[in-house]
Each structure stands twice: as C-alpha cells, then as structure tokens.
Amino acid sequence: MLYLKNGIGYAKPGMPADITVFRVNSGEYEIFDCYTQSRKAEKEIEPLITFKNGKRFDANMAMGQDESNWFLQIAEDHVPDRAFRLSERQRGFLNSLAARLSSTSWEVSSAEVLDIEKALELQEMFHQERASHGLPLKDALQAVYASFLDQSFTMQIGLLLVRLEQPFAVGRLRDVSGKRPLAA
C-alpha cells in the first residue's frame with residue numbers, strides 16, 4: 001500500500017527495525033482533533049517507546065501536549081536567530097527562491113481551506129531552485145524553515161509557503177539571503 005521496497009514491514013534479521021510500542025487502554029475518554037472538536041471513545045492508544053534506526057525514544061506525552069509542537073508559529077515580527085547561521089549556499093538558494101516566488105501570487109485562506117494546487121506549484125518551484133543550486137533537500141528545507149520559524153517544525157514546503165502572504169514570504173527570504181538589510 002505504501003509502495004515501500006526492500007522487504008520493509010518484515011521482522012527478520014538484517015532488516016531495518018523501526019518499531020513503536022503502544023498500550024491500548026480501555027475506559028471512557030474524550031478525544032480532540034486539531035480543531036478542538038471532541039468525541040467520546042472507549043479506547044485510547046498510548047505510545048510508550050519507539051525505536052528508529054536502532055535508537056530508543058521514550059514517549060513524552062507532555063511534549064506532545066505543548067502546542068508549539070503542533071501549531072505552526074511563524075516569526076512574523078523578527079528574523080529567527082537560526083537564519084543567521086545559514087551557509088552562503090543556502091542564502092543563494094533563498095535569494096533564487098525569492099525571485100521565483102515573486103513571479104507568482106497566492107492568497108492565504110483559513111486553516112480549514114487550502115489551495116492544494118498552489119501548494120504543489122510552490123513545492124515544485126522550491127525543488128527546481130534547490131536542484132539548480134545542487135543543494136541537498138535537508139539543507140534547502142532547513143534554510144526555508146529557519147527563515148520563518150524560531151523552532152523546528154517540519155511540514156511539506158508548499159503547505160508552509162501557501163500559508164504565508166506572498167509579499168511577506170518573498171521579503172523575508174530576501175532579508176535572510178542578504179539581498180536586503182536584515183530587520184531586527
């Protein structure tokens with residue numbers, strides 16, 4: 001179903017072992033979605049431990065409840081400190097991306113309405129500029145995230161950009177890339 005190759009999904013020696021251990025609790029629970037809509041449930045799935053690439057991660061439900069970990073928080077009034085640590089190559093990529101984004105327009109909708117076609121178009125622009133600079137995906141993503149976010153928060157890049165006003169997005173990328181003075 002996920003089109004994963006090389007025997008992923010099988011537990012046998014020599015295969016990658018990414019595992020999550022859960023506990024299923026029974027009782028009466030009120031559960032909420034990201035729009036704070038609630039419903040009743042008779043079972044709760046509680047994550048306990050995850051092993052990723054052989055490294056153990058204990059579940060931290062308090063961290064999961066911290067809204068900074070599940071709400072995208074754009075640094076609208078300042079350039080994040082992380083942006084000052086980008087490489088020259090990353091800043092060159094951002095400058096090219098800003099030029100490319102300035103030639104298109106989009107409107108920011110509510111959280112419930114999303115222009116997925118525009119998000120995919122912006123994502124394609126991102127990937128074309130990244131490829132033209134020979135920048136690894138991780139470095140390109142980190143450059144864009146560092147331009148707008150104080151804390152790490154990953155999401156599909158087109159979805160991030162389409163949630164920003166176009167003049168703000170282009171201006172911030174130009175600020176960070178050094179093509180305009182940085183605002184404090």
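Which side chain meets that of Lys-118 in a salt bridge? In this predicted model, the side chain of Lys-118 meets the side chain of Glu-121, with 3.1 Å from N to O; the legends below take up this pair again, after an overview of the chain.

**View 1. The whole protein, with 6 helices and 3 strands.**
Followed from the N terminus, the elements of this predicted model run β-β-β-α-α-α-α-α-α, with the strands placed ahead of the helices. The protein has 184 residues, of which 27% count as buried. About 12,500 Å² of the protein is exposed, and carbon and sulfur atoms supply 53% of that area. Among the contacts that join residues at least 6 apart in sequence, 66% are between residues at least 24 apart.

**View 2. The largest nonpolar core, made of 32 residues.**
In soluble globular proteins, nonpolar side chains tend to be buried together. Within the core of this model, the residues that touch the most other members are Phe-93, Leu-94, Leu-101, Phe-126, Val-144 and Ile-157. At least two core residues come from each of helix H2 (88–101), helix H3 (116–133), helix H4 (137–148), helix H5 (157–162) and helix H6 (166–177), and the largest share, 7 residues, is supplied by H4.

**View 3. Phe-93 and the residues around it.**
When the neighbours of Phe-93 within four places in sequence are left aside, its contacts include Phe-126, Ala-140, Ala-143 and Val-144. Glu-129, Arg-130, His-133 and Leu-135 are also in contact with Phe-93. Two of these partners, Phe-126 and Val-144, are named with Phe-93 among the core residues that touch the most other members.

**View 4. Gln-90, a residue of helix H2.**
Is Gln-90 buried or exposed? Gln-90 counts as buried because its relative accessibility is 9%, which is to be read against a limit of under 20% for buried residues. Beyond its neighbours within four places in sequence, Gln-90 is in contact with Leu-135, Asp-139, Gln-142 and Ala-143. Leu-135 and Ala-143 are also contacts of Phe-93.

**View 5. Ser-177 in helix H6.**
With a relative accessible area of 6%, Ser-177 is buried. The side chain of Ser-177 reaches the backbone oxygen of Arg-174 at a distance of 3.2 Å. Apart from residues up to four places away in sequence, Ser-177 touches Arg-91, Leu-94 and Asn-95, and of these Leu-94 is also one of the core residues that touch the most other members.

**View 6. A salt bridge between Glu-129 and Arg-100.**
Side chains of opposite charge can pair when their charged atoms come close. In this view the side chains of Glu-129 and Arg-100 meet at 3.1 Å, N to O. The pair links distant parts of the chain, since Glu-129 belongs to helix H3 and Arg-100 to helix H2, with their positions 29 residues apart in sequence. Glu-129 is buried, having a relative accessible area of 13%, whereas Arg-100 is partly exposed at 26%. Glu-129 is, in addition, one of the residues in contact with Phe-93.

**View 7. A salt bridge within helix H3, between Lys-118 and Glu-121.**
Both residues of the opening question lie in helix H3, where they are 3 residues apart, or about one turn of the helix. Lys-118 is buried, with a relative accessible area of 13%, while Glu-121 is partly exposed, with a relative accessible area of 33%. The count of salt bridges comes to 5, and the pair shown here is one of them.

**View 8. Arg-56 and Asp-58, joined by a salt bridge.**
The closest N and O atoms of Asp-58 and Arg-56 are 2.8 Å apart. Arg-56 counts as partly exposed, at 49% relative accessibility.

**View 9. Asn-60, in the loop between strand S3 (55–58) and helix H1 (61–65).**
Asn-60 is partly exposed, with a relative accessible area of 43%. Along the chain, Asn-60 and Leu-48 are 12 residues apart, and their C-alpha atoms are separated by 8.3 Å.

**View 10. A nonpolar patch on the surface, formed by Phe-22, Val-24 and Ile-45.**
Together, the three residues of this patch have about 330 Å² of accessible area. Phe-22 lies in strand S1 (residues 19–32) and counts as partly exposed, at 48% relative accessibility.

How values were computed. Residues numbered from 1 in each chain as written. Predicted model: local features only at pLDDT ≥ 70, side-chain atom pairs only at ≥ 80, totals over all residues. Heavy atoms only, no water. Core = buried A, V, L, I, M, F, W, Y, C linked by side-chain atoms within 4.5 Å. Buried < 20%, exposed > 50% of the residue type's maximum accessible area, 1.4 Å probe, protein only. Helix = DSSP H or I, 4+ residues; strand = E, 2+ residues; numbered from the N terminus. Contact = heavy atoms within 4.5 Å. Areas by Shrake-Rupley, 256 points an atom, 1.4 Å probe, with all protein chains shown as cover. Patch = residues over 30% accessible without salt bridge, like charges linked within 9 Å, V, L, I, M, F, W, Y side chains within 5 Å. Salt bridge = Lys/Arg side-chain N within 4 Å of Asp/Glu carboxyl O. Polar contact = N/O pair within 3.5 Å; in protein donor to acceptor, adjacent residues only side chain to side chain.
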